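Colleague: Could you take a close look at how the helices pack in this model, and at the residues that sit in and around those contacts? I would enjoy a connected walk through it, at whatever pace suits you.

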Amino acid sequence: MTYIRHIEHENIVHRCFRCGYCKFPADYSDFNCPSYKAFGWDTYSPGGRMWLTRAWLAGEIETSERFAEIMFSCVGCDNCKDQCVFPKFKDFLPEIFQEARAELVNEGRVPPGVRDYFKAIAVSGNPYKLPQSERGKWAEGTGLQPYTNQEHLFYTGCVGSYDEVGQKMAKSVGKLLAQSGISVGILGNEETCDGNEVRAMGEMGLFAQLAQANIEKFKAKGVKKIITLDPHALHVFKKDYPALGGKFKVLHYTEVLAELIKKKKIKLKPYPVKITYHDPCYLGRHQQIYKAPREILAAIPKAELVEMRRQGPDAFCCGGGGGNFFTDLLGTAEDSASRVRVREAVDTGAQIIAVACPNCAKMLSDAVKMENLEDRLEVLGIAEILAKAKKLI
């Protein structure tokens with residue numbers, strides 16, 4: 001309850017609820033909170049959740065299915081934290097919501113989709129309920145070898161290992177890493193869930209089990225450096241694992257590819273196409289990595305990079321964070337985050353939405369179909385785009 005204690009300061013909570021800046025991007029041009037945009041009620045905004053949480057802890061409202069649904073609809077995009085104008089309080093916003101969800105988990109009062117997600121991870125080790133023996137199949141044909149004390153471990157994550165869209169991203173990154181000559185290996189069927197979404201949704205006991213198992217495995221194999229496909233894994237490895245004894249050098253694959261291009265280990269041919277880049281929340285706002293993906297795209301001869309209206313620190317979330325990728329509490333209506341984001345992308349005139357996260361890739365690919373934009377817009381991972389512009393080394 002470390003962070004929840006802060007909301008006992010009633011005056012601060014009242015100012016938080018009455019303010020509302022957290023719902024917007026820096027230019028206040030639209031609502032930048034995905035759940036508020038989707039539902040349009042203040043209870044789904046950060047300030048509204050804060051007010052509800054205060055009332056819940058004070059015993060003014062009871063735990064209910066509706067209350068749990070509202071608390072778990074937060075996608076963890078961190079926009080509220082970035083836009084908060086109360087410096088002494090802003091850092092606690094996301095942590096307070098996470099702690100509230102942890103309390104709901106302890107009470108056993110979580111939405112069915114959240115319950116099913118936890119059960120799938122606990123029983124199958126992945127949210128897809130697929131066999132562990134299939135976890136490494138994505139790597140066939142990439143040239144990647146099992147990890148045997150190479151300089152880097154390439155960690156794929158659940159979405160990259162099992163989801164069809166995520167597997168395409170994993171394959172494209174894996175091939176580039178293997179072809180560039182970098183010393184890298186994979187765990188394949190030995191890889192296990194990183195636990196970021198488990199933690200975000202408040203199942204702290206399960207998260208501790210997953211994290212500790214990964215840390216012990218990494219140390220036993222002599223892992224020192226990790227390259228992640230998924231920004232969610234990057235975030236949890238860098239932010240939460242060190243406190244549990246897991247101190248590794250962790251990079252996102254875009255950081256590695258950007259350096260390989262600078263060193264001319266990846267050579268590119270002209271690819272005349274207009275591209276817009278979608279900032280993943282866990283890569284951008286959570287980890288402050290904005291330059292590397294854009295440097296990669298800018299290095300492609302003849303390619304034109306055009307920015308969406310909301311980009312960088314003000315980028316609009318795809319709606320897949322905080323576990324919503326699996327629980328789908330935001331739904332797929334017209335104002336759902338992924339569909340709003342796809343409409344912003346098509347407004348740029350781009351032919352491709354470049355993504356650096358497998359969750360974003362899946363969310364936005366589905367949204368393109370729902371918006372009937374398949375003939376105008378394609379969603380591709382950054383490494384998939386490089387594959388189209390790559391010269392043989």
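Modeller: Happily; what follows goes through three helix pairs, the cores and a few single residues. Please keep in mind that this is a predicted model.

Let me begin with helix H4, residues 65-72, and helix H6, residues 93-107. Their axes come within 10 Å and cross at roughly 140 degrees. That angle makes H4 oblique to H6, and the crossing of the two is left-handed. On the H4 side, the residues that meet H6 are Phe67, Ala68, Met71 and Phe72. Their partners in H6 are Phe97, Ala100, Arg101, Leu104 and Val105. Sorted by class, this contact of H4 with H6 holds 8 nonpolar residues, no polar ones and 1 charged one. An α-helix has 3.6 residues a turn, so residues three or four places apart point the same way. You may like to hold that against the residue numbers on both sides of the contact.

How deep in the fold does H4 sit, residue by residue? Phe67, Ala68, Ile70, Met71 and Phe72 in H4 are buried. The cover over the buried residues of H4 includes helix H3 (46-57), H6 and helix H7 (112-124).

Following the chain on from H4 brings us to a backbone detail. Asp78 is found in the loop between H4 and helix H5 (79-83). Asp78 is not a glycine, yet its phi is positive, at about 75 degrees. Asp78 is also buried, with a relative accessible area of 8%. A second residue of this kind is Gln288, in the loop between strand E6 (274-277) and helix H14 (291-298). Gln288 is likewise a residue other than glycine with a positive phi, here near 60 degrees.

Gln288 leads us to H14 and its partner, helix H13 (residues 253-262). The axes of H13 and H14 come within 8 Å and cross at roughly 40 degrees. The two helices are therefore oblique to each other, and H13 passes H14 in a left-handed crossing. From H13, the contact takes in Thr254, Glu255, Leu257, Ala258, Ile261 and Lys262. H14 supplies Ala292, Pro293, Glu295 and Ile296. The residues of this contact of H13 with H14 divide into 6 nonpolar, 1 polar and 3 charged.

Leu257, one of the H13 residues in that contact, deserves a second look. Which residues does Leu257 touch beyond its neighbours within four places in sequence? They are Leu176, Leu177, Ile266, Ile296, Ala383 and Leu386. In soluble globular proteins, nonpolar side chains tend to be buried together. Here the largest nonpolar core has 108 residues, and those with the most contacts inside it are Phe154, Tyr253 and Leu257. Apart from that core lies another, of 5 residues, among them Val75, Cys77, Cys317 and Leu330.

Cys317 also gives us a link to the start of the chain. Tyr36 and Cys317 are 281 residues apart along the chain, and their C-alpha atoms are separated by 12 Å. Tyr36 is found in helix H2 (residues 34-39). With a relative accessible area of 11%, Tyr36 is buried. Leaving aside neighbours within four places in sequence, Tyr36 is in contact with Lys23, Phe31, Trp41, Asp42, Tyr44 and Ser45.

The last pair is helix H16 (residues 337-347) and helix H17 (residues 358-370). H16 and H17 pack at an angle of about 75 degrees, with their axes 8 Å apart. They are therefore roughly perpendicular to each other. H16 brings Ser338, Arg339, Arg341 and Val342 to the contact, while H17 brings Met363, Leu364, Ala367, Val368 and Met370. By class, the contact of H16 with H17 has 6 nonpolar, 1 polar and 2 charged residues.

Is Arg339, in that contact, buried or exposed? Arg339 is buried, with a relative accessible area of 16%. Not counting residues up to four places away in sequence, Arg339 touches Thr332, Ala333, Glu334, Ala367, Met370 and Glu371. Among these, Ala367 and Met370 are H17 residues of the helix contact. For a sense of scale, Arg339 and Ile266 are 73 residues apart in sequence and 34 Å apart in space, C-alpha to C-alpha. Ile266, you may recall, is one of the residues in contact with Leu257.

Notes
Residues numbered from 1 in each chain as written. Predicted model: local features only at pLDDT ≥ 70, side-chain atom pairs only at ≥ 80, totals over all residues. Heavy atoms only, no water. Axes fitted to C-alpha atoms, helices over the stretch in contact; angles between N-to-C directions. Helix = DSSP H or I, 4+ residues; strand = E, 2+ residues; numbered from the N terminus. Parallel < 35°, antiparallel > 145°, perpendicular 65-115°, else oblique. Left-handed = near helix turned anticlockwise from the far one by under 90°. Contact = heavy atoms within 4.5 Å. Nonpolar A, V, L, I, M, F, W, Y, C, P; charged D, E, K, R; others polar. Buried < 20%, exposed > 50% of the residue type's maximum accessible area, 1.4 Å probe, protein only. Core = buried A, V, L, I, M, F, W, Y, C linked by side-chain atoms within 4.5 Å.
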